[in-house]
Amino acid sequence: MKKDKEIYRQLITILEKEDDNEAQFIIKQLESSIKSIDEFIDGKARRDNLEQLYDRLINIYKKINHPHIGLSDYFIWKGDYNERMRAN
């Protein structure tokens with residue numbers, strides 16, 4: 001789970017650099033995922049609710065990959081073709 005958190009944080013950093021309003025939905029969902037993981041790791045959520053945590057993370061993942069509002073259609077625009085390809 002710690003690796004998931006790190007990946008989510010990296011993705012948030014990338015999306016925040018783009019200063020894109022469309023990315024705000026994705027960022028909020030990623031932050032919600034991190035919060036849920038932290039609560040579980042810190043013991044604020046009951047340890048026997050691991051299945052509920054996974055269900056929540058799966059639902060958030062589905063939301064951020066929903067067509068037209070999620071990562072499935074998100075594109076970082078850069079004027080330089082090579083830079084754009086690296087960014088995406």
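These are my notebook entries on what I looked up in this structure, which is a predicted model.

**Entry 1: overall layout**

I began with the secondary structure, and I found that the protein has four helices and zero strands, so that I read the order of elements from the N terminus as α-α-α-α. For the outline I took the box that the C-alpha atoms fill along the principal axes, and I noted roughly 50 × 20 × 20 Å. I then looked up burial, and I wrote down that buried residues make up 26% of the 88 residues in the protein. The accessible surface comes to about 6600 Å², and I noted that 49% of this area belongs to carbon and sulfur atoms. Turning to contacts with a separation of 6 or more, I found that residues 24 or more positions apart account for 51% of them.

**Entry 2: the nonpolar core**

Which residues have the most contacts inside the largest nonpolar core? I found that this core has 15 residues, and that Leu 15, Ile 26, Leu 30 and Tyr 74 are those with the most contacts inside it. Helix H1 (2-17), helix H2 (23-41) and helix H3 (50-64) each supply at least two residues of this core, and I noted that the largest share, seven residues, comes from H2. I followed Leu 30 further, and, not counting residues up to four places away in sequence, I saw that Leu 30 touches Tyr 8, Leu 11, Ile 12, Leu 15 and Ile 64.

**Entry 3: a salt bridge**

I next looked for salt bridges, and the count comes to one. The side chains of Lys 5 and Asp 38 meet in it, with 2.5 Å from N to O. I noted that this pair links distant parts of the chain, since Lys 5 lies in helix H1 and Asp 38 in helix H2, 33 residues apart. As a general point, side chains of opposite charge can pair when their charged atoms come close. Are the two partners buried or partly exposed? Lys 5 counts as buried because its relative accessibility is 13%, under the 20% limit, whereas Asp 38, at 22%, counts as partly exposed.

**Entry 4: Ser 36 in helix H2**

I stayed with helix H2 and looked up Ser 36, which has its place there. With a relative accessible area of 9%, Ser 36 is buried. What is Ser 36 in contact with, once its neighbours within four places in sequence are left aside? I found Leu 53 and Arg 56 in contact with Ser 36.

**Entry 5: a surface patch**

I then turned to the surface, where I found a nonpolar patch of about 260 Å² that is made by Leu 50, Tyr 54 and Ile 58. I looked more carefully at Tyr 54, which is found in helix H3, and I noted that Tyr 54 is partly exposed, with a relative accessible area of 40%.

**Entry 6: the loop between H1 and H2**

Last, I looked up Asp 20, which is found in the loop between H1 and H2. Asp 20 counts as partly exposed because its relative accessible area is 22%, a value that falls between the limits of 20% and 50%. I also checked how far Asp 20 is from Ile 76, and I found their C-alpha atoms separated by 9.1 Å, although the two residues are 56 residues apart along the chain.

Key
Residues numbered from 1 in each chain as written. Predicted model: local features only at pLDDT ≥ 70, side-chain atom pairs only at ≥ 80, totals over all residues. Heavy atoms only, no water. Core = buried A, V, L, I, M, F, W, Y, C linked by side-chain atoms within 4.5 Å. Buried < 20%, exposed > 50% of the residue type's maximum accessible area, 1.4 Å probe, protein only. Contact = heavy atoms within 4.5 Å. Patch = residues over 30% accessible without salt bridge, like charges linked within 9 Å, V, L, I, M, F, W, Y side chains within 5 Å. Areas by Shrake-Rupley, 256 points an atom, 1.4 Å probe, with all protein chains shown as cover. Salt bridge = Lys/Arg side-chain N within 4 Å of Asp/Glu carboxyl O.
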